[in-house]
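Biologist: Could you take one helix of this model and walk me through it closely, then show me where it sits in the whole chain? Cut-offs included, please.

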Amino acid sequence: DSQLVTHQKLTNEVAGQHVDLVLWPETAVPFYILHPANRYYFNLIKHQVDTLNINLLTGTPDIHYYHDNEKIPNSSKTGKNGERFDSYNSSILLQPDINEIQTYSKMILVPYAERVPYSDELSFMKAMNWNLGLGGWGIGKDTTVFQFHINDSEIKFSNLICYESAYPGFAASFVRKGAQFLTVITNDSWWGNTSGARQHQQYSIIRAVENRRWVARCANGGISCFIDPYGNIIQST
């Protein structure tokens, strides 16, 4: 996949620079990287993480197949063989020489573009299959606090995906759970050369000041930067 190759090539540039955490943007990996069918591509990324000795947070879709003993939402999708599943707009954290994979699935979805409102209630109309944009994402279940180590210190942070950065109380919920800094990954390329991407960046400034936390922002087609707890923008693209 050319998009994956591009991100890996850019990441190789940090070799020898003692970088602790690398961010890739929302859906940087545009397929189910954790699915067994894509193990080859997962191994490529994990090998890079191990070789460069970096922690990597990347956006990627995720998928969950329901078992018979699970409560299956009315809005879940049905596969070709009758299997029930949900797909999620997610982020994952990979750590060097550690097999554990930490995940977070987006909880606040853009109405219609990512999920039709009241999809459970409209399941008889197959609302989750309406093609109104990216379409049909499931709603994430919990506010994840990612963890990794630098030397003997445990580092905790949380990730907001795109639209979620517009919600002050939601961002604060991660901080209350122990996030020492926040990251925002987003795909702002669909705004083109309009004010949209710039306005979206401004939300991250407010979140930094509200929570007195650094924010690292990684945008595909938008503005990547660091924001300090006083709202100052640093190293903006």
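Modeller: Let's start from the outside: the protein chain has an accessible surface of about 12500 Å², and 52% of that belongs to carbon and sulfur atoms (Shrake-Rupley method, 1.4 Å probe; for residues, only the protein chains shown count as cover). Bear in mind that this is a predicted model, where local features need pLDDT of at least 70, side-chain atom pairs count only at pLDDT 80 or more, and totals for chains, interfaces and linings use all residues. Residues are numbered from 1 along each chain as its sequence is written, and side-chain values use heavy atoms, with hydrogens and water left out.

The chain has 4 helices and 11 strands (DSSP runs numbered from the N terminus: H or I of at least four residues for helices, E of at least two for strands). The helix I'd pick is α2, residues 39-52: its 14 residues should span 20 Å at 1.5 Å a residue, and the end C-alpha atoms are indeed 20 Å apart (the expected span is 1.5 Å times one less than the number of residues). Its buried residues are Phe42, Ile45, Lys46, Gln48, Val49 and Leu52, where buried means under 20% relative accessible area, exposed over 50%, and partly exposed in between, with a 1.4 Å probe and protein chains only. Looking down the axis of α2, these buried residues fall within an arc of 155°, so they line one face of the helix (the arc uses directions from the helix axis to the C-beta atoms). Tyr40, His47 and Thr51 are exposed on the other side of α2.

What does the buried set pack against? The partners are α1 (2-11), β2 (55-65), β4 (84-95) and β5 (98-105), and contact here means heavy atoms within 4.5 Å. Right after α2 comes Asn53, with a positive phi near 60°.

Now pan over to Leu57. Along with Phe157 and Phe174, Leu57 touches the most other members of the largest nonpolar core, which has 28 residues (a set of buried Ala, Val, Leu, Ile, Met, Phe, Trp, Tyr and Cys residues joined through side-chain atoms within 4.5 Å). Elements giving two or more residues to this core include β7 (153-161), α3 (168-176) and α4 (196-211). A second, separate core of 16 residues includes Val14, Val22, Phe31 and Leu56.

Zooming out, 48% of the 237 residues count as buried. Of the contacts with a separation of 6 or more, 62% are between residues 24 or more positions apart.
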